[in-house]
Amino acid sequence: MSRKLNVVSYLLLSSLLVPSFSVAAQEQDFPAVFFVDFAPQHALDVVQNIPGFRVDLGKDVRGLAGGAGNVLVDGIRVSAKSGGLEEVLKRIPFAQIEKVVVVRGNQGVGDASSQSIIANIIRKKVETTGQLSLSVHHDAGGKTYPQAEVSYASQIGDWQSNAKFDVLLQDNVQKSRYTQLDMNFDETSSEKEDKSTALNEIFASADLSKQQGDESLQLTMRAGKSQYRPALTRQHVGEDSQFKNDRNSIYHTAEVGADWRRPFTNWQWRTIGLAAFTHWTIDRSSSEFNGIAKSSEQYDFQRNKWESIIRNSWLKTEKERAIEFGFEVAYNHINVNTNYVKTDAQGQTSRVILPAANVEVSELRGDAFYSTQWQWQGGLSMSLGLAAEYSKITAEGDSESDEDYQFIKPSFNLSKQWHKHWQSQLTIDRTVNQLDFKLYAAQSNADTNRDHGGNTQLNPDSFYQLAIANDYQFTEQSALRLTAYYRWYQDVLEHQLSASGASSLVNSGDASAIGGKIVLTYSTDAYLPGGLLSATWQTQTSSHDDLLTGKSRRLTGETYPEAEISFRQDLASNNIAWGVTALLEDKTRYYYVDEVSTQNTDINWLGFVEYRGWRYGNLKLSFERLGDYHSDENRAFYLPDRTGEAHAYTHIKKVEQTLASLTFNTSF
């Protein structure tokens, strides 16, 4: 408990300090020329270099509004699911950007609702402009692969168009060593693993937008294919035994969307429509030779998913008040088919029965929402919001269910601009997370030797959050943002025994968490020209009463702390830039029915050197995993489950070798 209080005390007390600033404002303009020294290629590069701003690419929450991220394009929230905000920003070439407007304050209604700080990218009309990026990657293990990305913007009559096309043919190698220990931590055996992963991707996306008076229309699309093929060989040290696992995962996706808005009396009427389809297959073959005989497995998985959303909203803005209300309707459908067959050492074949291996799930959801915002003199603003949701989820197949859900989602935000350099915010709201319907179906992972049954009785998990944030602007390039929060979770998802008796994710009751985040950007121009130091640190400590053991512990999958420090220097007069980034150590712990897995990562060093004096474009040499990247996993196994004693352990050390990349960027 003392650690929790120390984190929040530090962040809250910091809000009482009034630093010495020069200039800043609640709404701040960054013209495109501000970012020239960073040599950005597209809009994502631009927003990643805004002082004191951390890009939020969106979350997997229910509905379009809450998960849209904190970046607008021409004042409009991105209406996309597949690829999301990142894809949209990458298809806007830097030459198309006029400026970025950063707004720090109460964003209670409209396209920036639910965000306390947003960046609005303002595009300019261009006849034709484009960006080409070609890369060659090479790792220390001898693997070489290419990557290409092109974005293009043009004016077609009254329509502004943006398009992006990218291809990746990735090939990596990872080496691991497994050490098995008994209950007394004495080594019983060890294995060496070589794992090669091939990732081949091809995607195309585009948007068309048209403005005619006060009416606008935007059309979007994205389609592509991703194929992931890991192959591993695990050899017992000193023994003639071996395990092999080959997996072929293919993912197809297609999405179309439309965003239309026009005045309606004194209101602005907006309609968003979106439809997306994905087809995902996994074909896995594994075999094990114990020195005498061979056994094998064949696992086939197929999932089809359809998602459609329509959202209508009406917005009215007055001098001191803004009002928004509307509704959203969504329909999701997914079907999963799984076939799992084992062949033993005697050649006998049997089908493995996993609970809910073949299921079909449908969800019909409706939301109604209302929000209002007031702004007063003295820099004080407040917003109130209320949303009501009803959803019906039906599952058929190996396991059946028919459930109705209702959620009330209130929100409150109070913002105070103490002066033009310092702002504080208090936020209270509720978030309902999107259910991942693949959890309704069984899953099998041969790499980790874990099988999980599906669970068609899952409820969406949610949490209430109380957050306090402070923004300080030191100079144009130096800023600090401090955030502290407390969360109350409901229906958290944890691995337990489901009604079928199999290990599955189930709703495990309530939990609480306390956390904080620091984002710092600091210019070193005073003593190191062109230098910029950036740092991010965040952590969360949660408490959940384990249904199995009855003891309090952290939530499964919680990573702590997450920290990143980077420094770059842009020497414009010499046409050179360089930088280094350290992704610091962190820990993540997962709780299963009969196992606890703890994963630790070492520091991951990244660096780059870029030359911008070539008339044809820029050349950038970058490195990842400098000096190799090490991580480890410690698995503790319990009998009969975590209520008993640990009877065996496995320690896994993983090494990913240094990756060097040479990239050519040019505009056309």
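**Figure 1. Leu134 faces Ala148 of β7 across a strand pair.** This is a predicted model, with residues numbered from 1 along each chain as its sequence is written; local features need pLDDT of at least 70, and side-chain atom pairs count only at pLDDT 80 or more, while totals for chains, interfaces and linings use all residues. Side-chain values are worked out from heavy atoms, with hydrogens and water left out. The strands in view, β6 (residues 128-139) and β7 (residues 144-156), pair in the antiparallel sense over eleven bridges. Strands here are DSSP runs of E with at least two residues, numbered from the N terminus, and two of them pair if DSSP finds at least two bridges between them. Four residues lie between the strands in the β6 and β7 hairpin, where Gly142 takes a positive phi near 95°. β6 also runs antiparallel to β38 (residues 659-667), joined to this strand by nine bridges. Leu134 turns up again here, this time opposite Phe664 in β38.

**Figure 2. An open sheet of five strands.** Read across, the order is β1-β4-β5-β2-β3, and the pairing is mixed. β1 (27-31) and β3 (76-77) stand at the edges with a single partner strand each, so each has one side without a neighbour in the sheet. Zoom in on β2 (residues 71-73) and β5 (residues 117-123): these two run parallel and are joined by three bridges. Val71 is a handy landmark, since its place is opposite Ala119 in β5. As a reminder, strands of a sheet pair through backbone hydrogen bonds, either parallel or antiparallel.

**Figure 3. The hairpin of β24 and β25.** Strands β24 (residues 493-497) and β25 (residues 503-507) pair in the antiparallel sense, with five bridges between them. To get your bearings, look for Glu494, whose bridge partner in β25 is Val506. Five residues separate the two strands, and Gly501 in the turn shows a positive phi of about 90°.

**Figure 4. Aromatic pairs, and a cluster around Trp314 and Phe327.** The structure holds 21 aromatic pairs. One of them, Trp314 with Phe327, is tilted, at 6.4 Å centre to centre and 40° between the planes. This pair links distant parts of the chain, as Trp314 is in β13 (residues 294-317) and Phe327 is in β14 (residues 321-343), 13 residues apart. Trp314 counts as buried at 16% relative accessibility, while Phe327 is partly exposed at 36%. Elsewhere, Phe437 and Tyr440 have ring centres 5.5 Å apart and planes at 75°, so this pair is edge-to-face. Both Phe437 and Tyr440 are buried. For the cut-offs: rings of Phe, Tyr and Trp (its six-membered ring) pair if their centres lie within 6.5 Å, with planes under 30 degrees apart counted as stacked, over 60 as edge-to-face and the rest as tilted; buried means under 20% relative accessible area, exposed over 50%, and partly exposed in between, using a 1.4 Å probe and protein chains only. Back at Trp314 and Phe327, both belong to one aromatic cluster that also takes in Trp260, Phe264, Trp267, Trp269 and Phe325.

**Figure 5. Two arginines over tyrosine rings.** Arg234 lies over the face of Tyr178, 4.3 Å from the ring centre. Arg553 has its charged end over the ring of Tyr591, at 4.1 Å from the centre. A charge sits over a ring if NZ of Lys or CZ of Arg is within 6 Å of the ring centre and within 35 degrees of the ring normal.

**Figure 6. Asn312 and its surroundings in β13.** Asn312 is buried, at 8% relative accessible area. Its side chain makes a polar contact of 3.0 Å with that of Trp269. (A polar contact is a pair of N or O atoms within 3.5 Å; within protein, one must be able to donate a hydrogen and the other to accept it, and residues adjacent in sequence count only if both atoms are side-chain atoms.) Leaving aside neighbours within four places in sequence, Asn312 is in contact (heavy atoms within 4.5 Å) with residues including Arg270, Phe325, Phe327 and Phe369.

**Figure 7. Thr456 in the loop between β21 (450-452) and β22 (462-475).** Thr456 counts as buried, with 2% relative accessibility. The side chains of Thr456 and Ser399 are joined by a polar contact of 2.8 Å. Beyond four places in sequence, Thr456 touches Val359, Ala395, Ser399, Glu400, Ser401 and Tyr440.

**Figure 8. Ile323 in β14.** Ile323 is buried, at 14% relative accessible area. Not counting residues up to four places away in sequence, Ile323 touches Trp267, Trp314, Leu315, Lys316, Tyr370, Ser371 and Thr372. Ala648 lies 60 Å from Ile323, C-alpha to C-alpha, and 325 residues apart in sequence.
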